[in-house]
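Let's take a walk through this model, from the overall fold to a few individual residues. Have the viewer open as you read.

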Amino acid sequence: MAVEMSDIAKTFRAAHGARRVFEHLDAAFPCRASVGILGPRGAGKSTLIRLIGGSTLPDRGRIRRRGTVSPPVANTQAYHAALTGRENLHFVARVNGFDGDAATRFVADFAQMGEEIDRPLSSYTRERRSRFLFAASYALPFDIFLADEALFGGSGAFRTRCAELVQARREHATLIFTTRSPQMLRRFADIGAVLHEGRLHMFERIGDAIRLFRAIDDGAPPDTGDEDEDEEERLAEEPFGPLA
Ligand SMILES: Nc1ncnc2c1ncn2[C@@H]1O[C@H](COP(=O)(O)OP(=O)(O)OP(=O)(O)O)[C@@H](O)[C@H]1O
């Protein structure tokens, strides 16, 4: 297994009270499989991704990861606005034990960046910023890639190449992503999962996951049509990390 979670408990405590998201969550994600997780709003999808990535700790339980784990795709918190694209990539590469030069070459080429790679992220246009974030997300050879809603992004030809890049990474890595789009599940998942009332239900047949999701969530999108681009719009507006 790439990731095994056993008996996870997680409660958020805020001024207005406590919110228990998981009490006894068990989950296992096979190596080199792509698992797409559907779930109603507030079911705990983001919390699950943060627990797997280690940016949120469980109150109880054990999480075992086999291999290196990426920050969630297009996670702006991984980058500093005052640093250049190259400096950011070297930083993230070094923290994770990878080659920063190779990552920089990949992003400059994939996002067609030229000399902008040596300018601070704060100077990037909205589109450049989005291209940088999505290219950087897949620039390092992690064993496990995580994505919370936005698996890839951008527009036009870049968007198409980005989707192809995700499919290429899928062949050599484990992919764990959340979505509310049945269409995304059909395109990018080998295994469908539904997070509901603190439990993760997994299905080898994607259609079974979609059926459960639509049965438990009145607001679930139809099993046809477009991928959800709203989340990518939101990410493109989010500030970068601590120096921003
Ligand atoms: N830091 C936090 N402090 C307090 N409550 C939180 C925190 N993070 C999440 N929650 C609460 O935990 C629950 C699960 O949130 P989470 O964002 O993981 O769900 P989600 O399935 O990703 O939702 P959505 O589809 O709306 O993004 C929600 O009720 C949310 O309000």
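What follows covers the overall shape, the ligand site, two helices and a handful of single residues.

First, the ground rules. This is a predicted model, so local features need pLDDT of at least 70 and side-chain atom pairs count only at pLDDT 80 or more, while totals for chains, interfaces and linings use all residues. Residues are numbered from 1 along each chain as its sequence is written.

**Overall shape**

The protein's secondary structure adds up to eight helices and eight strands; here helices (H or I, at least four residues) and strands (E, at least two) are DSSP runs, numbered from the N terminus. A compact globule of 244 residues would have a radius of gyration near 18 Å, and the protein, at 18 Å, agrees. That radius is taken over C-alpha atoms, and the globule rule is 2.2 Å times the number of residues to the power 0.38. The C-alpha trace spans about 50 × 40 × 35 Å along its principal axes.

How much of the protein counts as buried? The share is 41% of the 244 residues. A residue is buried if 20 or more other C-beta atoms lie within 10 Å of its own, exposed if 12 or fewer, and partly exposed in between, with C-beta atoms placed from the backbone. Of the contacts with a separation of 6 or more, 69% come from residues 24 or more positions apart; a contact means C-beta atoms, placed from the backbone, within 7 Å.

The unreviewed UniProt entry carries the annotation "domain: ABC transporter" for residues 3-222. UniProt positions are in the numbering used here, feature names are shortened, and annotations may be inferred rather than shown by experiment. That stretch is 35% helix and 26% strand, with its end C-alpha atoms 30 Å apart.

**Around the ligand**

The residues surrounding the ligand include Phe 12, Arg 19, Arg 41, Lys 45, Ser 46 and Thr 47; the test is a C-beta atom, placed from the backbone, within 6 Å. Strand 1 (3-14), strand 2 (17-29) and helix 1 (45-53) each give two or more residues to this shell. Helix 1 has the largest share, with three residues.

Helix 1 is also largely enclosed by the rest of the structure, because seven of its nine residues are buried. Lys 45 and Thr 47 are among the buried ones. Right after helix 1 comes Gly 54, with a positive phi near 95°.

**Helix 4**

Helix 4 (residues 126-137) has 12 residues and reaches 17 Å from first C-alpha to last, close to the 16 Å expected at 1.5 Å a residue. The expected span is 1.5 Å times one less than the number of residues. Nine of the 12 residues are buried, so helix 4 is largely enclosed by the rest of the structure. Arg 129 and Arg 131 are among those buried residues. Arg 126, also in helix 4, is exposed, with 10 other C-beta atoms within 10 Å.

**Two unusual backbones**

Two residues have a positive phi although neither is a glycine:

| Residue | Phi | C-beta neighbours inside 10 Å |
|---|---|---|
| Asp 7 | about 50° | 13 neighbours, partly exposed |
| Gln 112 | about 45° | 13 neighbours, partly exposed |

Asp 7 lies in strand 1, while Gln 112 is in the loop between helix 3 (100-110) and helix 4.

How values were computed: Contact = placed C-beta atoms within 7 Å.
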